[in-house]
Amino acid sequence: LHLQRVHEARQQAEETRRRIAAFQAQPEVAHEATVVTSTTGINGEPLRTITVPSKPPAVRHPSEKPHGPMQIARGVIQGVTCSSPAVIDVQVKSATKKLALYNNNWYDIDFSAGNFTPKGELHPCDELGGMKVKVTYFATADKSVDGQIVSIMMFR
């Protein structure tokens, strides 16, 4: 049963990766802004304005293939920030320092549980805050952060 869940999670992650890649590969015209504005709707109620951005959001940090020495950080995740399509920024606080780490596609991160069995699907943006972790990362060209995340092992 556990192996079946792992297989299903990997299939879901791969499908999401394919969708993101397909979206990013679309011509620029496919991302043009769409604005819908109306003052009245059903029963005279006001409608809201809906805007679809003209381009996918720009990422703040470069995506790099893992290279160089892998670093290990052990501590507690104090801050998790997520943005579209699957960007994640975290702060890992250890006894001696605080690290700022990221990945532009959280589906590329290898998540594992060290001393417990997760219940259902992991939602990293909602569930990582306050968790004890062992994070593997590498330094990138972007010196505004400490590195790009490769894996996160969670502990309770």
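The following paragraphs lead from the overall make-up of this predicted model to a few of its side chains.

The protein chain holds 2 helices and 8 strands, and along the sequence these elements follow the pattern α-β-β-β-β-β-β-α-β-β. Of its 156 residues, 25% count as buried, while the accessible surface comes to about 10700 Å², with 54% of that area belonging to carbon and sulfur atoms. Among the contacts that join residues at least 6 apart in sequence, 53% link residues at least 24 apart.

Turning to the aromatic side chains, a pair of rings is described by the distance of the centres and the angle of the planes. The count here comes to 1 aromatic pair. The ring centres of Trp 106 and Tyr 107 lie 5.7 Å apart and their planes stand at 40°, so the pair is classed as tilted, given that the tilted class takes in whatever is neither under 30 degrees nor over 60. Trp 106 has a relative accessible area of 14% and is therefore buried, whereas Tyr 107, at 27%, counts as partly exposed. Another ring, that of Phe 116, has Arg 156 over its face, at 4.2 Å from the ring centre.

A further residue to consider is Thr 140, which is placed in the loop between β7 (132–138) and β8 (147–155). Is Thr 140 buried or exposed? With a relative accessibility of 4%, Thr 140 counts as buried, because the cut-off for that class is under 20%. Leaving aside residues up to four places away in sequence, Thr 140 touches Glu 64, Tyr 102, Val 145, Gly 147 and Gln 148.

Conventions
Residues are numbered from 1 along each chain as its sequence is written. This is a predicted model: local features need pLDDT of at least 70, side-chain atom pairs count only at pLDDT 80 or more; totals for chains, interfaces and linings use all residues. Side-chain values use heavy atoms; hydrogens and water are left out. Rings of Phe, Tyr and Trp (its six-membered ring) pair if their centres lie within 6.5 Å; planes under 30 degrees apart count as stacked, over 60 as edge-to-face and the rest as tilted. Buried means under 20% relative accessible area, exposed over 50%, partly exposed in between (1.4 Å probe, protein chains only). A charge sits over a ring if NZ of Lys or CZ of Arg is within 6 Å of the ring centre and within 35 degrees of the ring normal. Helices (H or I, at least four residues) and strands (E, at least two) are DSSP runs, numbered from the N terminus. Contact means heavy atoms within 4.5 Å. Accessible areas come from the Shrake-Rupley method with a 1.4 Å probe; for residues, only the protein chains shown count as cover.
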